[in-house]
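The exercises below ask for a careful reading of one model, and each is followed by a worked solution. Please look over the sequence and the coordinates before starting.

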Amino acid sequence: MSDGTNTIHLASYRGQVVVLNFWASWCAPCIEELPSLLRLHHDDPNLTILAVSIDEDPDQYSRFIRNRHVDLITVRDPHQMAASLFRTDMWPETYVIDRRGIIRRKFVGATDWSDPEIRNYLKSL
């Protein structure tokens, strides 16, 4: 997946636990979960979090990233090509992928990434 500025090759993250998050800047549940996702990113630098936005407007997307101080690896996918590969049609939708590249869990809707149960689960992979 490439948006001309950023490129994500999921296969290049093999050997790492990956949290793959599909979102949009206009999505209220996405905005709701963002603070805890950013905290997770800062608390566990060994965890790879990839954020794929379905925003169509590149300026709106860029403003959102800048204004919300999003420092995750992000890419804009306005045609939802990556989302369609995962059969994703709800926002946010997040996949936890283990070190071997196997999807281990799927979260639909806003998730509290600060939840100790989720944090322990991620550490167990």
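**Exercise 1. Work out which residues line the largest pocket of this predicted model, and which elements they come from.**

Solution. Begin with the lining itself, which consists of Met1, Ile8, His9, Leu10, Leu20, Phe22, Val52, Met81, Ala82, Leu85 and Phe86. Next, assign these residues to secondary structure: strand 1 and helix 3 are the elements that give two or more residues to the lining, and helix 3 supplies the largest share, three residues. Then sort the lining by class, which gives 10 nonpolar residues, one polar residue and no charged residues. Finally, the volume of the largest pocket comes to about 200 Å³.

**Exercise 2. Determine how many cavities of 30 Å³ or more the structure holds, and describe the lining of the largest cavity.**

Solution. A search of the whole structure returns one cavity of 30 Å³ or more, and the largest cavity contains about 80 Å³ of space. Its lining is made up of Asn21, Trp23, Ala24, Cys30, Ile31, Glu33, Leu34, Leu37, Ala51, Phe64, Val70 and Leu72. Two elements, strand 1 (18-23) and helix 1 (28-43), give two or more residues to this lining, and helix 1 gives the most, with five residues. By class, the lining of the largest cavity has 10 nonpolar residues, together with one polar and one charged residue.

**Exercise 3. Analyse helix 2 (residues 58-67): which residues are buried, how are they arranged around the axis, and what covers them?**

Solution. The first step is to list the buried residues of helix 2, which are Tyr61, Phe64 and Ile65. Viewed down the axis of helix 2, these buried residues fall within an arc of 95°, and therefore they line one face of the helix. The second step is to turn to the face directed away from the buried side, where the exposed residues Arg66 and Asn67 are carried. The third step is to ask what packs over the buried residues of helix 2, and the covering elements include strand 1, helix 1, strand 2 and strand 3 (73-76).

The ends of the helix complete the analysis. At the N-terminal end of helix 2, Asp57 acts as a cap, with a side-chain oxygen 2.8 Å from the backbone nitrogen of Asp59. Just after helix 2, His69 adopts a positive phi of about 55°.

**Exercise 4. Classify Ser53 as buried or exposed, and identify its side-chain partner and its contacts.**

Solution. Locate the residue first: Ser53 belongs to strand 2 (residues 48-53). Because its relative accessibility is 0%, Ser53 counts as buried. The side chain of Ser53 makes a polar contact of 2.5 Å with the side chain of Asp55. When residues up to four places away in sequence are not counted, Ser53 touches Trp23, Ala24, Tyr61, Val75, Arg76, Asp77 and Pro78.

**Exercise 5. Examine the backbone at His69, Gln80 and Pro92, and place each residue in its loop.**

Solution. Take His69 first, which is located in the loop between helix 2 and strand 3. Its phi is near 55°, a positive value in a residue other than glycine, and at 62% relative accessibility His69 counts as exposed. Gln80, in the loop between strand 3 and helix 3, likewise has a positive phi near 55° without being a glycine; its relative accessibility is 27%, so Gln80 counts as partly exposed. For Pro92, which lies in the loop between helix 3 and strand 4 (93-97), the feature to check is omega: the peptide bond from Trp91 to Pro92 is cis, with omega near -10°.

**Exercise 6. Describe the surroundings of Ser84 and of Leu125.**

Solution. Ser84 lies in helix 3 (residues 81-85) and is partly exposed, with a relative accessible area of 49%. A polar atom of the Ser84 side chain is 2.7 Å from the backbone oxygen of Met81.

Leu125, by contrast, is placed in the segment after helix 4 (116-124), and its relative accessible area of 23% makes Leu125 partly exposed. Leaving aside neighbours within four places in sequence, Leu125 is in contact with Val17, Val96, Arg99 and Arg104. As a last distance, the C-alpha atoms of Leu125 and Ile103 are separated by 11 Å, with the two residues 22 apart along the chain.

Definitions and conventions
Residues numbered from 1 in each chain as written. Predicted model: local features only at pLDDT ≥ 70, side-chain atom pairs only at ≥ 80, totals over all residues. Heavy atoms only, no water. 1 Å grid on protein atoms, 1.4 Å probe; cavity = no way out; pocket = protein on both sides within 12 Å on 5 of 7 lines; lining within 4 Å. Points joined across faces, edges and corners; volume = space filled by probe spheres on them. Helix = DSSP H or I, 4+ residues; strand = E, 2+ residues; numbered from the N terminus. Nonpolar A, V, L, I, M, F, W, Y, C, P; charged D, E, K, R; others polar. Buried < 20%, exposed > 50% of the residue type's maximum accessible area, 1.4 Å probe, protein only. Polar contact = N/O pair within 3.5 Å; in protein donor to acceptor, adjacent residues only side chain to side chain. Contact = heavy atoms within 4.5 Å. Arc of directions from axis to C-beta.
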